[in-house]
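Visitor: I should like to learn how to read individual features of a model, beginning with a helix and ending with the empty spaces. May we take them in turn?

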Amino acid sequence: MSQKLLLSGNEAIARGAWEAGCRFGSGYPGTPSSEILPALAKLGRCYTEWSVNEKCAFEAASGASLAGARSLVTMKHVGLNVAADPFFTQSYTGVNGGLVVVSADDPAMHSSQNEQDNRHYARAAKVPMLEPATAQEAYAFTKLAFALSERFDTPVMLRVTTRLCHSDGIVVVGERVEPETACTPVKDPAKYVMIPGRARQRRAVIAARTAALGDAQSEYGVNRIEPGDPAVGIIAAGIAYQYAKEAAPEASFLKLGMTWPLDEVLVREFAAGVKQLYVIEELDPYLTESVRALGLT
């Protein structure tokens with residue numbers, strides 16, 4: 001039975017994880033991500049804990065995932081620096097239960113010591129990345145992230161920013177659904193023990209996974225073309241999409257929900273239908289460089 005709730009982006013992430021059957025949540029408190037775990041804990045039926053740092057939080061969630069439990073780990077952008085070692089290796093080992101990594105970036109440094117752009121982490125680690133633009137999408141994308149994680153045997157990054165984390169929106173929610181997979185450890189050293197010889201073999205698996213992710217993007221409906229004035233075409237994702245939509249509502253838009261890997265077919269299709277192409281984003285020219293790499297100007 002569905003109902004409408006007024007939720008912040010962080011509360012929506014917690015609700016999405018809970019409905020997806022998340023059984024383990026860990027993190028290190030850092031604004032703008034701090035409210036996710038307390039909101040998840042209040043919902044019940046999911047063990048949650050603060051860790052002494054982000055690396056320990058990631059490794060705890062990793063252990064729960066490898067034991068078969070759907071797991072969520074949360075941190076702010078600088079926290080992923082601390083957790084980078086297991087984050088990169090988890091891309092090689094894959095998962096058992098779904099593993100979702102929330103990276104909460106902080107453009108304009110409202111509560112942070114730097115303004116780094118963690119979208120680069122997803123590309124470097126070859127981990128799929130979802131970027132919601134509303135509280136409703138934060139809820140829905142979290143549920144989708146668990147499904148993607150288990151289907152493609154990979155951790156999934158949910159990248160959010162301060163404005164989304166701390167703004168409220170109407171979210172249509174449902175009920176918790178327990179995943180079919182049991183919480184049972186799987187013994188597979190060739191997959192989970194990353195000594196160099198095994199890691200080299202897993203590298204080929206990552207390449208195949210990336211290609212499969214790109215091919216399957218159209219199935220999930222997270223990227224969409226919004227027709228408008230063909231004189232101006234705007235590519236945007238996350239909260240930057242909201243800014244651009246407010247500033248230029250008459251323009252044609254390509255709204256991206258998955259920003260790694262990039263849906264190259266859809267980007268080319270959109271670019272071919274507009275006279276001038278713009279990319280609107282915060283922080284680094286991450287999407288701009290990805291579009292230019294396709295030979296588009």
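Visitor: Which elements are included in what covers the buried residues of H3?

Guide: Please keep in mind that this is a predicted model. The cover over the buried residues of H3 includes three strands, S2 (24–27), S4 (71–76) and S5 (99–105), together with the helices H4 (79–82) and H5 (84–93).

Visitor: Which residues of H3 are buried?

Guide: An α-helix has 3.6 residues a turn, so residues three or four places apart point the same way. In H3 the buried residues are Glu 54, Ala 57, Phe 58, Ala 61, Ser 62, Ala 64 and Ser 65. They lie on the same side of H3, because the arc they cover around the axis is only 165 degrees.

Visitor: How far apart are the end C-alpha atoms of H3, and what span should its 13 residues have?

Guide: Helix H3 runs over residues 54–66, and at 1.5 Å a residue it should span 18 Å. Its end C-alpha atoms are 18 Å apart, so the two values agree.

Visitor: What is found at the start of H3, and what just after it?

Guide: At the start, Asn 53 brings a side-chain oxygen to within 3.1 Å of the backbone nitrogen of Lys 55. Just after the helix, Gly 68 has a positive phi of about 110 degrees.

Visitor: Let us turn to a single residue. Is Thr 74 buried or exposed?

Guide: Thr 74 is placed in strand S4, one of the elements that cover the buried residues of H3. Its relative accessibility is 0%, and it therefore counts as buried. Leaving aside residues up to four places away in sequence, Thr 74 touches Ser 26, Gly 27, Tyr 28, Ile 36, Leu 37 and Val 102.

Visitor: How many cavities of 30 Å³ or more does the structure hold?

Guide: Rolling a probe the size of a water molecule over the atoms shows where empty space is left. Here there is one cavity of 30 Å³ or more. The largest cavity has a volume of about 120 Å³, and 14 residues line it, with Glu 131, Arg 159, Ala 237, Gly 238 and Ile 239 nearest its centre. Strand S7 (156–161) and helix H11 (238–247) are the elements that each give two or more residues to this lining.

Visitor: What is the volume of the largest pocket, and which residues line it?

Guide: The volume of the largest pocket is about 230 Å³. Its lining includes Arg 123, Thr 210, Trp 260, Glu 264 and Tyr 286. Two or more lining residues come from strand S12 (258–260), and likewise from helix H13 (286–292).

How values were computed
Residues are numbered from 1 along each chain as its sequence is written. This is a predicted model: local features need pLDDT of at least 70, side-chain atom pairs count only at pLDDT 80 or more; totals for chains, interfaces and linings use all residues. Side-chain values use heavy atoms; hydrogens and water are left out. Helices (H or I, at least four residues) and strands (E, at least two) are DSSP runs, numbered from the N terminus. The expected span of a helix is 1.5 Å times one less than its number of residues. Buried means under 20% relative accessible area, exposed over 50%, partly exposed in between (1.4 Å probe, protein chains only). The arc is that of the directions from the helix axis to the C-beta atoms. Contact means heavy atoms within 4.5 Å. A polar contact is a pair of N or O atoms within 3.5 Å; within protein, one must be able to donate a hydrogen and the other to accept it, and residues adjacent in sequence count only if both atoms are side-chain atoms. On a 1 Å grid over the protein atoms alone, a cavity is a set of points where a 1.4 Å probe fits but cannot get out, and a pocket is an open set with protein on both sides within 12 Å along at least five of seven lines; lining residues have an atom within 4 Å of a point. Grid points are joined across faces, edges and corners, and a volume is the space filled by probe spheres set on the points.
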